[in-house]
Amino acid sequence: MAQHTLAGEMTQAGVGLHSGVTTKVRILPAELGKGRYFVRVDLPDAPIIPAQVAAVNQTLLSTQLGKGDVCVRTVEHLLAALAGMGVNNARIEIDGPEVPLLDGSAQIWAEGIAQVGLVCQSSEDEQIPAIEHPIWVRQGDAFVCAVPASETRFSYGIDFDLPAIGNQWHSCLFTTEDFIRDIAPARTFGLLHQIEYLQQSGLIKGGSLENALVCGPDGWLNPPLRFANEPVRHKILDLVGDISLLGYFPQAHFVAYKASHNLHIELAQKILDLI
Ligand SMILES: [Zn+2]
C-alpha cells in the first residue's frame, strides 16, 4: 500500500460532545512517514499529540489522546474518516480540547477529505503486516478479535434490551467506497435512560438531538435513521477510528461484539505487542 496525504487543507468547526466547547479543526498535509497527529494550537508551544495507541489516556465513552493536562478528546470519528479515506499522514490542528461532533457521524469529515483530494507520497508498495493467528480480548460476553483473512473486513454485533435497537450485526470490507457509503454516515447514538446520569456526571454537555440519535423504550426520539441498523454501523465507525491508532490496518477480519472504546484499544495494544 502506498502512503497518501491530503492535496490541500480543510477546516471545520463545531461543538464537542462531552466538553460542549466549540473548536476549530484545520487538517493539513503532512510529510511521508509522519502519520496522523494532532497539534493543540491554542496552547503555548503548540504541543503535538500523535494519533497512536501509546497516546491514549482515556476511553470513557470516547477515545482521548494526550499526556497530562494536554489532551484531545473524541478523536475517533475524525480518525476513522482519515483512515477510511486512505489518509496516512496528516497534521490536525485543533484550538481546544475536543474534536467537534458535527452531525454525530464521519460524513462531513469524509466529504471534506474527498473534496480536497489526496496525493500519493510513495510509489513503492509497502508490505502491510497480516494477522497470522487470532488475537482477541474480552470482558464478560463482550469481545473484539482480529482473525487471519484474505482481505481486511470489519464485522460488529450489538444487543440492547430496547426493541428499537435489539440485536444488530453488520459486516463490510474496508475499502474507501464501502466506508463512504456504508459506515461514514452512521451517527452516534445514545440511550434516553442514561442521558440524565451522563449529564450529572459532567459528560455529553454538547449532545443534542441534532448530533446524536436517542433511543427510548418507545423508539427513536429523532427519526428517521439513515440505515435500519445505523447503530451497529456506528460501532464499526468507532472501531475503525480506534484501530487506526495502530498507524496502519493489518490485514485481518476484525470482529467485535458488544464492545466499547476500552476493548477496541485493548485489542490494538495487543496487536502492537504481538506483531
Ligand atoms: Zn462514535
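These are my notebook entries on what I looked up in this predicted model.

**Zinc site**

I began with the zinc ion and asked which protein atoms serve as its donors. They are NE2 of His77, NE2 of His234 and two OD entries from Asp238, at 2.0 to 2.8 Å from the metal. I then looked at the geometry: the angles among the 4 donor atoms run from 51 to 147 degrees, and the site is irregular. For the tetrahedral label, all angles would have to lie between 85 and 135 degrees, so a range of 51 to 147 degrees does not qualify. For comparison I noted that the ideal angle for four tetrahedral donors is 109.5 degrees.

Next I wrote down the spacing of the donor residues in sequence, which is H-x156-H-x3-D. The two histidines join distant parts of the chain: His77 sits in helix H1 (residues 76-84) and His234 in helix H5 (residues 230-243), 157 residues apart. I checked the burial of the pair and found both His77 and His234 buried.

**Helix H1 and its neighbour**

Since His77 is in H1, I went through the rest of that helix. How many residues of H1 are buried? The count is 9 of 9, and the helix is mostly covered. The list holds Glu76, His77, Leu78, Leu79, Ala80, Ala81, Leu82, Ala83 and Gly84. After H1 comes Gly86, with a positive phi near 90 degrees.

I then looked at how H1 meets helix H2 (residues 107-116). Their axes approach within 9 Å and cross at roughly 35 degrees, and the crossing is right-handed. On the H1 side the contact is made by His77, Leu78, Ala81 and Leu82, and on the H2 side by Trp109, Ala110 and Ile113. His77 therefore appears twice in my notes, as a zinc donor and as a part of the H1 contact with H2. The contact positions fit a general point about helices: an α-helix has 3.6 residues a turn, so residues three or four places apart point the same way.

**Cysteines**

I searched for disulfides and found 0 in the structure. I looked up the burial of two cysteines. Cys71 has 14% relative accessibility and counts as buried. Cys215 is at 0% and also counts as buried.

**Backbone oddities**

I listed the places where the backbone departs from the usual pattern. In general, most residues other than glycine have a negative phi, and most peptide bonds are trans.

- The peptide bond from Pro223 to Pro224 is cis, with omega near 5 degrees. Pro224 is in the loop between strand S17 (219-220) and H5, and H5 is the helix that carries the zinc donor His234.
- Leu61 has a positive phi near 70 degrees and is not a glycine. Its loop runs between strand S6 (56-58) and strand S7 (64-67). Its relative accessible area is 41%, so I entered Leu61 as partly exposed.
- Ile204, also not a glycine, has a positive phi of about 40 degrees. Ile204 is in the loop between helix H4 (192-200) and strand S16 (213-216). With 15% relative accessibility, Ile204 counts as buried.

**Loop residue Ser62**

Ser62 is in the loop between S6 and S7, where I had already placed Leu61. Is Ser62 buried or exposed? At 1% relative accessibility, Ser62 counts as buried. Leaving out neighbours within four places in sequence, Ser62 is in contact with His18, Arg73, Thr74, Glu76 and His261. Glu76 in that set is one of the buried residues of H1. I also noted the pair Ser62 and Asn262, which are 200 residues apart in sequence and 8.9 Å apart in space, C-alpha to C-alpha.

**Ala146 and Thr152**

Ala146 is in strand S12 and counts as buried at 0% relative accessibility. Beyond four places in sequence, Ala146 touches Ile131, His133, Pro134, Ile135, Ala252, His253, Phe254, Leu267 and Ile271. Ala146 and Pro250 are 104 residues apart in sequence, with 9.0 Å between their C-alpha atoms.

Thr152 is in the loop between strand S12 (142-147) and strand S13 (153-159). With a relative accessible area of 14%, Thr152 is buried. Again leaving out neighbours within four places, Thr152 is in contact with Leu173, Phe174, Pro250, Gln251, Ala252 and Phe254. Ala252 and Phe254 also appear among the contacts of Ala146.

How values were computed: Residues numbered from 1 in each chain as written. Predicted model: local features only at pLDDT ≥ 70, side-chain atom pairs only at ≥ 80, totals over all residues. Heavy atoms only, no water. Disulfide = S-S within 2.5 Å. Buried < 20%, exposed > 50% of the residue type's maximum accessible area, 1.4 Å probe, protein only. Donors = N, O, S within 2.8 Å, 3.2 Å for Na, K, Ca; no water. Tetrahedral: all angles 85-135°; square planar, octahedral: opposite > 155°, others 65-115°. Helix = DSSP H or I, 4+ residues; strand = E, 2+ residues; numbered from the N terminus. Axes fitted to C-alpha atoms, helices over the stretch in contact; angles between N-to-C directions. Left-handed = near helix turned anticlockwise from the far one by under 90°. Contact = heavy atoms within 4.5 Å.
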